[in-house]
Amino acid sequence: MPIDSSTADNNNIKQIICIKWGTKYGADYANKLYGMVSRNITPPFRFVCFTDDTTDVRPEIECQELPPLDVTMPTNTLGKWPKSRLWGEKLGDLTGTVLFVDLDVIIVDSLDPFFEYGEPDDVILSYNPSNPLERLGQTSCFRFKIGSLVSLQEKFKADPQGVADEYRFEQRFVTRNAPGGVKLFPKAWVAHFRRKCRQPFPLNYIKEPKIPKGARIVIFPGDLYPTHAIEGRYNKNAANNAKDHLKRLTEPKNLKRPLRHLRHFILPVGWIEKYWKE
């Protein structure tokens with residue numbers, strides 16, 4: 001069970017935070033994330049959701065207002081720059097170290113090691129496999145001490161669009177500019193669904209995606225969400241059966257890159273429903 005925040009000593013408990021703004025993710029994402037956290041952590045813990053809409057959020061979740069940030073968010077960028085709200089000197093009534101987790105992740109094993117790894121003052125990102133030569137971190141799951149990233153927020157506030165144009169992704173900005181540098185959690189702990197769970201062609205037509213050995217969290221960057229994976233879709237527009245997917249191979253855009261199209265098929269993923277629930 002979560003602890004009573006009114007009597008909490010934030011230095012002695014595990015603090016998990018998420019951020020929910022706009023309409024992309026409903027309350028069900030926050031509710032399921034809380035359920036997964038509560039089943040995969042040793043108490044005591046706090047779970048705080050910073051949000052602009054508390055409708056239908058389960059009562060166990062501590063909802064707090066989105067941290068203020070008076071800037072115009074960048075446009076035409078793939079980065080999730082509203083996360084910059086978390087980089088300020090204060091973060092609600094929290095103090096100390098927090099573990100941020102995206103709403104659309106699947107937790108499949110204990111989160112305790114994320115609080116034990118490294119030193120309390122370290123900024124620790126999950127490993128990003130998309131650019132292996134760059135040593136790039138991933139902010140779908142990262143740990144930091146509140147107030148330690150103020151310099152990032154100040155630099156971002158000075159030129160939000162310029163920063164986004166230069167770095168494209170907020171995780172690249174954090175990786176390159178965090179005071180004192182960043183550390184990375186062990187590679188196996190946070191698994192990128194498309195890169196680490198999908199079966200290679202042609203096994204993707206006969207075997208469902210797997211949970212990689214050693215994974216604790218499965219993340220879903222890009223436009224493939226847990227709901228799509230449950231249905232066996234690579235994205236919202238993809239076919240959810242092999243026959244229809246193979247028919248689309250004759251479309252002009254797919255004929256240009258046939259192997260890419262053949263690889264972008266998944267079978268329905270049953271284990272997501274096992275873990276992704278309140």
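Start at H192, which touches P129, S130, C197, I219 and P221 once residues up to four places away in sequence are set aside. This is a predicted model, so read everything that follows with that in mind. H192 sits in strand β9, which covers residues 190–192. Is H192 buried or exposed? With a relative accessibility of 3%, H192 counts as buried, because the cut-off for that label is under 20%.

One of those partners, P221, leads straight on to the pockets. P221 is among the residues closest to the centre of the largest pocket, along with L78, K80, F169 and G222. In total 40 residues line this pocket, and the space inside comes to about 970 Å³. Which helices and strands supply at least two residues each to the lining? They are β1 (14–20), β7 (137–145), α5 (170–177) and α6 (193–197). By class, the lining splits into 15 nonpolar, 13 polar and 12 charged residues.

The second largest pocket has a volume of about 390 Å³. Its lining is made of 16 residues, with N235, A238, K253, N254 and H261 nearest the centre. Here α9 (252–256) and α10 (258–263) each bring at least two lining residues. The class split for this pocket is three nonpolar, six polar and seven charged.

Now go back to α5, one of the contributors to the largest pocket. Seven of the eight residues in α5 are buried, so this helix is largely enclosed by the rest of the structure. Which residues are they? The buried set is E170, Q171, R172, F173, V174, T175 and N177. Those buried residues pack against β6 (124–127), β7, α3 and α4. So β7 turns up twice: as a packing partner for α5 and as a supplier of residues to the largest pocket's lining.

The other two partners, α3 and α4, also pack against each other. Two packed helices are described by the angle between their axes and the distance between the axes. For α3 (residues 150–158) and α4 (residues 160–167), the angle is about 105° and the axes are 5 Å apart. That makes α3 roughly perpendicular to α4, because angles from 65 to 115 degrees fall in that class. On the α3 side the contact involves K155, F156, K157 and A158, and on the α4 side P160, V163 and Y167. Sorted by class, the α3–α4 contact holds five nonpolar residues, two charged ones and no polar ones.

From the helices, move to strand β4, where you'll find T97. T97 has a relative accessibility of 19% and counts as buried, because the limit is under 20%. Leaving out residues up to four places away in sequence, T97 touches Q15, P120, R143, F144 and K145. For a sense of span, compare T97 with Y205: they are 108 residues apart along the chain, and their C-alpha atoms are separated by 43 Å.

The loops have some backbone details to check as well. Where are the cis peptide bonds? One joins P43 and P44, with omega at about 5°. P44 belongs to the loop between α1 (27–39) and β2 (45–51). Another runs from F201 to P202, with omega near 5°, and P202 lies in the loop that links α6 and β10 (217–219). That brings you back to α6, which also helps line the largest pocket.

Finally, look at two residues with positive phi that are not glycines. D56 has a phi near 65° and sits in the loop between β2 and β3 (62–65). With a relative accessible area of 64%, D56 is exposed. N76 has a phi of about 55°, and its place is in the loop between β3 and β4 (97–101). N76 is exposed too, at a relative accessible area of 83%. For both D56 and N76, the label follows because exposed means over 50%.

Key
Residues are numbered from 1 along each chain as its sequence is written. This is a predicted model: local features need pLDDT of at least 70, side-chain atom pairs count only at pLDDT 80 or more; totals for chains, interfaces and linings use all residues. Side-chain values use heavy atoms; hydrogens and water are left out. Axes are lines fitted to C-alpha atoms, for helices over the stretch in contact, and angles run from 0 to 180 degrees between N-to-C directions. Helices (H or I, at least four residues) and strands (E, at least two) are DSSP runs, numbered from the N terminus. Angles under 35 degrees count as roughly parallel, over 145 as roughly antiparallel, 65 to 115 as roughly perpendicular and the rest as oblique. Contact means heavy atoms within 4.5 Å. Ala, Val, Leu, Ile, Met, Phe, Trp, Tyr, Cys and Pro count as nonpolar, Asp, Glu, Lys and Arg as charged, and the others, Gly among them, as polar. On a 1 Å grid over the protein atoms alone, a cavity is a set of points where a 1.4 Å probe fits but cannot get out, and a pocket is an open set with protein on both sides within 12 Å along at least five of seven lines; lining residues have an atom within 4 Å of a point. Grid points are joined across faces, edges and corners, and a volume is the space filled by probe spheres set on the points. Buried means under 20% relative accessible area, exposed over 50%, partly exposed in between (1.4 Å probe, protein chains only).
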